Amino acid sequence: MTAGAPDDTTLLALDVGNTRLKWALYDAPRPGARLLAHGVQFLENIETLAEGDWRQLRAPRWVLGSIVAGAGVRHRVEEQLEQWDAQPQWVVPRAEEAGVVNGYDHPARLGSDRWVAMIGARQRLLARGQHRPCIVVMVGTAVTVEALDADGRFLGGIILPGHGIMLRALESGTAGLHVPTGDVRPFPTNTSDALTSGGTFAIAGAVQRMWDNLRLHTGQVPVCLMTGGAGWKMAPYLTVPFELVEGLIFDGLLTIAASRFGAAARFSGAAPASAAPAAPRSSLPSESARR
Ligand SMILES: Nc1ncnc2c1ncn2[C@@H]1O[C@H](COP(=O)(O)OP(=O)(O)O)[C@@H](O)[C@H]1O
Ligand SMILES: CC(C)(COP(=O)(O)O)[C@@H](O)C(=O)NCCC(=O)O
Ligand SMILES: [K+]
């Protein structure tokens, strides 16, 4: 076991989805912290982390994560973390945190990735002084589209299948839809293009609908932030104004980490005096996070 030095303020942030584990090591638990190292592994390769990507990594003082992949995967991740002293903390959605109010009927039943991404989105808007309603789109294994009003109230959101699940569902439920991936076309004239365009337009249409719902409800034009491993695939086809933001979940994890560990980090002396939330420039670089 390795212990971080007493004045260490490093945070290992984890985002464990249904397809991939994304990780990022920061020099401090606060928005705007310096990214020291980061990576991604498919869930089937989790066992390689301790002896692979994390072998040379300095021991983090804190480990904070979001996980939606289930108890079995969580256990496998925790095994890889055993080489360090830091006990991982997994975010459980609360009724309220970091300026976001959780409108879910049962707040803890909301996916932690959805909750953390909304906290990241809220932090981003506040850092820019934008008091606007916000749509948060996450394109991963599944697709989620959340609606937040200008006061940070999560009004509700939708879940739909991601590209891969849509295609697999159609393939397994029909006899004649086993075809290669096609292109997105306004008027598809072959099966491949029809399937690829259908999935893309389903997601784009769902985003447009939630954006309309939120604009009608609030009477204001929403900001739309899109994130997730397959966000770049959707970017050319959204019909509402949006920003593609890599690592919204990491922005959210840093924001939560600031309230949980920020005081301890300031006493450690390594963090700058102004540890208050600053303009977030801490997102994962997209190119290297992808594989
Ligand atoms: N390099 C890539 N090329 C194409 N699609 C990718 C790539 N990386 C990720 N994806 C898509 O993104 C999804 C996984 O994204 P990710 O955000 O890691 O999902 P999750 O958080 O659910 O694990 C996959 O289902 C796949 O459709
Ligand atoms: C909707 C999700 C499956 C998305 O998972 P992902 O695509 O990020 O792997 C996940 O957030 C989840 O399991 N949510 C719990 C149910 C809910 O949010 O209502
Ligand atoms: K995710």
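Me: What sets the bounds of the domains here, and how far apart are domain 1 and domain 2?
Reply: Domain bounds come from an automatic or database domain assignment. On that basis the chain splits into domain 1 (11–93 + 250–289) and domain 2 (96–244), and their C-alpha centres lie 24 Å apart. Bear in mind that this is a predicted model, where local features need pLDDT of at least 70, side-chain atom pairs count only at pLDDT 80 or more, and totals for chains, interfaces and linings use all residues. Residues are numbered from 1 along each chain as its sequence is written, while chains are lettered from A and ligands numbered from 1 in the order in which they are written.

Me: What makes two residues a contact, and how many residues does each domain give?
Reply: Their C-beta atoms, placed from the backbone, have to lie within 7 Å. By that rule, 23 residues of domain 1 and 21 residues of domain 2 take part. Helix 6 (248–268) and strand 4 (62–67) each give two or more residues to the domain 1 side, and helix 6 gives the most, with six. Helices here are DSSP runs (H or I, at least four residues), as are strands (E, at least two), numbered from the N terminus.

Me: Why is aspartate 113 called buried or exposed?
Reply: Buried takes 20 or more other C-beta atoms within 10 Å of the residue's own, exposed takes 12 or fewer, and partly exposed is in between, with C-beta atoms placed from the backbone. Aspartate 113 has 27, so it's buried. Aspartate 113 sits in helix 2 (residues 112–127) and touches, among others, Asp15, Ser66 and Ile249, leaving out residues up to four places away in sequence.

Me: And why does threonine 191 get its label?
Reply: Threonine 191 has 14 other C-beta atoms within 10 Å, so it counts as partly exposed. Threonine 191 lies in helix 4 (residues 191–218). UniProt, in an unreviewed entry, lists both Asp113 and Thr191 under "binding site"; such annotations may be inferred rather than shown by experiment.

Me: How do you know that ligand 1 lies between the domains?
Reply: Both domain 1 and domain 2 give residues to its shell, so ligand 1 lies between them. A residue is near a molecule if its C-beta atom, placed from the backbone, lies within 6 Å of it. There are 14 residues around ligand 1, with Gly17, Thr19, Gly140, Thr141 and Gly229 the closest.

Me: What makes up that shell by class?
Reply: One nonpolar, 10 polar and three charged residues. Nonpolar means Ala, Val, Leu, Ile, Met, Phe, Trp, Tyr, Cys and Pro, charged means Asp, Glu, Lys and Arg, and the others, Gly among them, are polar.
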